[in-house]
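Me: I would like to learn how to read a structure one feature at a time. Could you take me through this one slowly?

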Amino acid sequence: MKPDTRVVHTPAPVPTSTPLSVPLYQTSGFAFDDPDAFADGMTRPDGAFVYTRFGNPTVRALEDAVAALEGGTAALATSSGMGAINAVLLAALGAGDHVIAQRALYGGTLALLRDLAQRWGVEVTYVGGHDPEEVRAALRPRTRVLYLETIANPTGHVSDLPAVSAAAGDDVLVVVDNTFASPLLCRPVEHGADVVVHSTTKYLGGHSDVTGGVAVFADDARYRETWRHSVELGVTPDPFAAWLTVRGLRTLALRVRRHEENAAVLARRLADHPAVRVVHWPGLDTHPSHAVAARLLGGFGSTFSFDLADAEAGRAFVTGLDLVRLAPSLGGTETLVLHPAATSHRQLDDAQLAAAGITGGTIRLSVGIEDADDLWEDIAGALAR
Ligand SMILES: Cc1ncc(COP(=O)(O)O)c(C=O)c1O
């Protein structure tokens, strides 16, 4: 071969020993000797790897790891948490179908449900998430999905997953966003969920350096159907994003424990502070979901909210911080704060904000893994100001 050809065709070695860490297969496609294997790989998720939008070994490593952690049969990684939620809902719903959804949800999910209602006539009934009777009363012949969050963003409301998923019955797909809990605190499939979604941007990735999502399926047929839709939607993650997430997973257990120790310290100190009206951390026995959380979860999570007097006090607080940064997202190693009414839940009108338990003075804190006393010094200073 001439040099011009040789530079184009560096062979990819196939290792004969097992690498210690998951390799990054940063390739958009794979070459074949057998045209039938090529064609077959485009029709199912467990055929040969063909094209990275359909599947990729690095992405598969992430999918298999999260499926095993959640106790599901298979998982589908996506380019964002919203990508996973869209793939699951678009695969499950048709025009005129009915969804029962928890009132307190991430703002992006509530906005998606509103768009589905406006554009496709998908009807949505909102429920509290702890009362099986309320879910049973909301059921209709065309109810296809019950949508819940394990620990709701940002109020820390914990759904009674076994009770409400049993009330939905076998024909309704129970979808649970487990982002705030992580599979270390809760495995919703064990409590009746059919699909578990995550924003892996948060605790699973854990370092605020990657955007991603994943959907885990209890049932193989649902997985295959959703895979087909995700291929059409094009929500596949880039292999590098999947690789970063797999690397983040290695320290998930250490991080989750430390996040929560810090959250417990801050939640208790905030609850004792005169400027704070109420702290919405389910680890406090004053929280309405405390008993359910203690029964279902292996911990109480580390992203929670608390209420100051009003929007003005909230604004003064977030601008008075120094170490704690005002930024979107959660679940990274550093502590972050935001004002939900103005940011993560901005799509909600006043009635929806009230239904989701958010006031103008609500502040959300994603507690990191720093020293708790350093964090408290910063927070106490901002509260004093
Ligand atoms: C609970 C929850 N689910 C889903 C999402 C969406 O995830 P992503 O931003 O990765 O699309 C978020 C984002 O904040 C979230 O908090």
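Reply: Let us begin with the surroundings of the ligand, keeping in mind that this is a predicted model. The shell around the ligand is made up of ten polar, three nonpolar and two charged residues. In total 15 residues surround the ligand, and the closest are Ser 80, Gly 81, Met 82, Ser 199 and Thr 201.

Me: Into which domains is the chain divided, and how many residues of each are in contact?

Reply: The chain has domain 1, covering 35-249, and domain 2, covering 252-384, and their C-alpha centres are 25 Å apart. Where the two meet, 31 residues of domain 1 are in contact with 38 residues of domain 2. On the side of domain 1 that touches domain 2, helix H5 (residues 107-120) gives the most, with three residues. Sorted by class, that side of domain 1 has 16 nonpolar residues, twelve polar ones and three charged ones.

Me: How should I read the packing of two helices, and at what angle do H10 and H14 pack?

Reply: In general, two packed helices are described by the angle between their axes together with the distance between the axes. Here helix H10 (residues 252-271) and helix H14 (residues 372-384) pack at an angle of about 30 degrees, and their axes are 10 Å apart. Because angles under 35 degrees count as roughly parallel, H10 is roughly parallel to H14. The crossing of H10 and H14 is right-handed.

Me: Which residues make the contact between H10 and H14?

Reply: From H10 the contact takes Asn 262, Val 265, Leu 266 and Arg 269, while from H14 it takes Ala 372, Leu 375, Trp 376 and Ile 379. By class, the residues of this contact of H10 with H14 are six nonpolar, one polar and one charged.

Me: What should I look for in the backbone itself?

Reply: As a general guide, most residues other than glycine have a negative phi, and most peptide bonds are trans. With that in mind, consider the peptide bond that joins Asn 153 and Pro 154, which is cis, with omega about 0 degrees. Pro 154 is placed in the loop between strand S4 (143-149) and helix H7 (161-168).

Me: And is the phi of Ser 208 positive or negative, and where does Ser 208 lie?

Reply: The phi of Ser 208 is near 55 degrees, a positive value in a residue other than glycine. Ser 208 is found in the loop between strand S6 (195-199) and strand S7 (213-217).

How values were computed:
Residues are numbered from 1 along each chain as its sequence is written. This is a predicted model: local features need pLDDT of at least 70, side-chain atom pairs count only at pLDDT 80 or more; totals for chains, interfaces and linings use all residues. Domain bounds come from an automatic or database domain assignment. Two residues are in contact if their C-beta atoms, placed from the backbone, lie within 7 Å. Helices (H or I, at least four residues) and strands (E, at least two) are DSSP runs, numbered from the N terminus. Ala, Val, Leu, Ile, Met, Phe, Trp, Tyr, Cys and Pro count as nonpolar, Asp, Glu, Lys and Arg as charged, and the others, Gly among them, as polar. Axes are lines fitted to C-alpha atoms, for helices over the stretch in contact, and angles run from 0 to 180 degrees between N-to-C directions. Angles under 35 degrees count as roughly parallel, over 145 as roughly antiparallel, 65 to 115 as roughly perpendicular and the rest as oblique. A crossing is left-handed if the near helix is turned anticlockwise from the far one by less than a right angle, and right-handed if clockwise. A residue is near a molecule or strand if its C-beta atom, placed from the backbone, lies within 6 Å of it.
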